[in-house]
Amino acid sequence: KGEDGPSIRGGMVDALVVHATAAGKTEFIYQEAFLTTYRTFLSPKELIEKLLYRFYKFQHATDSKVRLAKNSFSLLIRVIDELGAMELDDEVVKRLMDLVYELLCQSDLVLARILRKKVIEKCEQRDSHQEPTNYGPINQNVSLGSTPVLDLLSFKSHDIAEQMTLMDAELFQKIEIPEVLLWAKEQSEELSPHLTFFTEHFNNMSFWCRTRILEQNDGKEREKYLMKFIKIMRHLRKLSNFNSYLAVLSALDSAPVRRLEWQKQNLEALKEFCLLIDSSSSFRAYRQALAETEPPCIPYLGLILQDLTFINIGNQNLLPDGSINFAKRWQLFNILDSMRRFKNCNYEFKKKEPILHYLSNFKDHDNEETLWQRSEKIKPRGVRKRVEVD
């Protein structure tokens with residue numbers, strides 16, 4: 001009493017489940033936090049069993065308690081709706097379809113129809129999400145004409161930024177919230193396949209940008225490519241695509257690229273761009289920019305994962321009395337809820353196949369060692385760097 005903060009600080013598992021089923025309009029936000037974070041103390045199968053127990057217990061109760069069964073069933077539908085593809089295994093599906101059969105036998109056709117429809121929808125989603133490595137907007141069979149022009153400088157900067165954003169958005173929307181929550185705890189690629197693929201996409205994009213610059217043998221050509229990426233970054237910032245923005249920035253600010261000689265105005269532009277992701281004051285500039293951004297937006301996932309990991313490590317799972325520390329779950333929920341806000345929004349650009357074909361999912365890039373060799377060939381070690389290039 002007398003402390004600021006959420007009304008629910010902690011509780012035993014069953015008490016938290018009961019409160020989630022009873023949550024009305026005034027406690028709606030608690031139910032959302034519970035559904036987002038329950039996996040940190042309860043598996044989906046365990047929660048489903050607890051909700052089924054509560055549903056069966058009050059299904060044929062007096063009028064005053066039938067509501068409790070309905071609330072449990074409603075929450076069960078929400079739980080099923082938010083199951084990840086990895087969580088909807090055959091055992092869970094069979095358990096739910098058994099319930100459908102029982103409801104039919106009891107002539108409760110409305111609930112049976114609702115449950116059956118939801119289970120079928122989730123199974124169809126699961127089957128379509130089996131291979132995350134197939135994601136990507138590029139159509140490899142597209143006809144580009146007899147003499148396609150496939151060069152970064154040949155495309156408009158804002159067109160490239162738009163296509164990069166479409167690729168990011170398609171992959172970002174495939175990421176399931178449970179994957180992100182589990183990554184902070186387990187850091188398992190197997191449990192977080194879409195998140196892992198999105199992270200690889202970020203790294204590929206960064207190395208692709210570095211390769212395009214360092215493969216230019218002529219200094220003036222390298223400068224043109226650097227300037228092109230700076231222009232692309234400006235458009236990415238306008239599109240609120242912080243993911244691609246930071247992937248390109250990490251390329252231009254990487255050691256093999258940064259150590260070379262560049263025009264002063266380009267170096268000043270890069271210094272200005274770096275202010276957004278300045279790590280001082282816990283990335284205050286980026287956090288403020290993200291807070292002021294309206295959807296559609298693609299946030300930088302690296303910082304989200306870092307925040308979740310810090311919360312997971314820095315807070316106890318249990319309170320001194322052995323109950324679940326739900327205050328920790330509120331912190332996790334606030335971060336994931338912000339991510340969910342952006343995840344459900346779409347960009348309305350049209351795909352431009354020549355650009356997508358040129359980008360080719362950013363798979364054509366050199367590794368770190370080769371990039372360093374290219375950089376040292378351009379500027380051998382021991383050669384002093386001039387302040388400005390004319």
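Here is a walk through this structure, from the whole protein down to a few residues and the spaces between them. Keep in mind that you are looking at a predicted model.

Let's start with the big picture. The protein is built from 18 helices and 2 strands. Of its 390 residues, 47% are buried. The surface that remains accessible adds up to about 20,400 Å², and carbon and sulfur atoms account for 50% of that. Now think about which parts of the chain meet. If you take the contacts between residues at least 6 apart in sequence, 77% of them join residues at least 24 apart.

L152 gives you a concrete case of this. You'll find L152 in the loop between α6, which covers 109-128, and α7. Along the sequence, L152 and K228 are 76 residues apart, yet their C-alpha atoms are 8.0 Å apart in space. K228 is also one of the residues that L152 contacts, once you set aside neighbours within four places in sequence. The others are I160, W208, Y225, F229, I232 and Y358. Is L152 buried or exposed? It counts as buried, because its relative accessibility is 0%.

Next, follow the chain into helix α7, residues 157-172, where T165 sits. T165 also has 0% relative accessibility, so it counts as buried. What does its side chain do in there? The side chain of T165 makes a polar contact of 3.0 Å with the side chain of N241. Leaving out residues up to four places away in sequence, T165 touches N241 along with L236, L239, I298, Y347 and F349.

Now for the spaces in the protein. The largest pocket holds about 430 Å³ of space. Four elements each give two or more residues to the lining of this pocket: α2 (28-37), α6, α8 (177-186) and α16 (326-343). Which of them gives the most? That's α6, with 3 residues. In total, 22 residues line the pocket, and the ones nearest its centre are D81, E82, L83, K122 and E176. Sorted by class, the lining has 9 charged, 7 nonpolar and 6 polar residues.

Helix α16 has another residue to look at, R340. R340 has a relative accessible area of 19%, and since buried means under 20%, R340 is buried. The side chains of R340 and T36 are joined by a polar contact of 3.2 Å. Not counting residues up to four places away in sequence, R340 touches T36, E82, I177 and F333. You've met E82 already: it is among the residues nearest the centre of the largest pocket.

Last comes a space of another kind, a cavity. How many cavities of 30 Å³ or more are there? The count comes to 1. About 40 Å³ of space lies in the largest cavity, and its lining is made up of T40, L181, A184, K185, N312 and L332. Helix α8 gives the most to this lining, with 3 residues. By class, the cavity lining has 3 nonpolar, 2 polar and 1 charged residues. Helix α8 also gives two or more residues to the lining of the largest pocket, so to speak of either space, you will come back to that helix.

How values were computed:
Residues numbered from 1 in each chain as written. Predicted model: local features only at pLDDT ≥ 70, side-chain atom pairs only at ≥ 80, totals over all residues. Heavy atoms only, no water. Buried < 20%, exposed > 50% of the residue type's maximum accessible area, 1.4 Å probe, protein only. Polar contact = N/O pair within 3.5 Å; in protein donor to acceptor, adjacent residues only side chain to side chain. Contact = heavy atoms within 4.5 Å. Areas by Shrake-Rupley, 256 points an atom, 1.4 Å probe, with all protein chains shown as cover. 1 Å grid on protein atoms, 1.4 Å probe; cavity = no way out; pocket = protein on both sides within 12 Å on 5 of 7 lines; lining within 4 Å. Points joined across faces, edges and corners; volume = space filled by probe spheres on them. Nonpolar A, V, L, I, M, F, W, Y, C, P; charged D, E, K, R; others polar.
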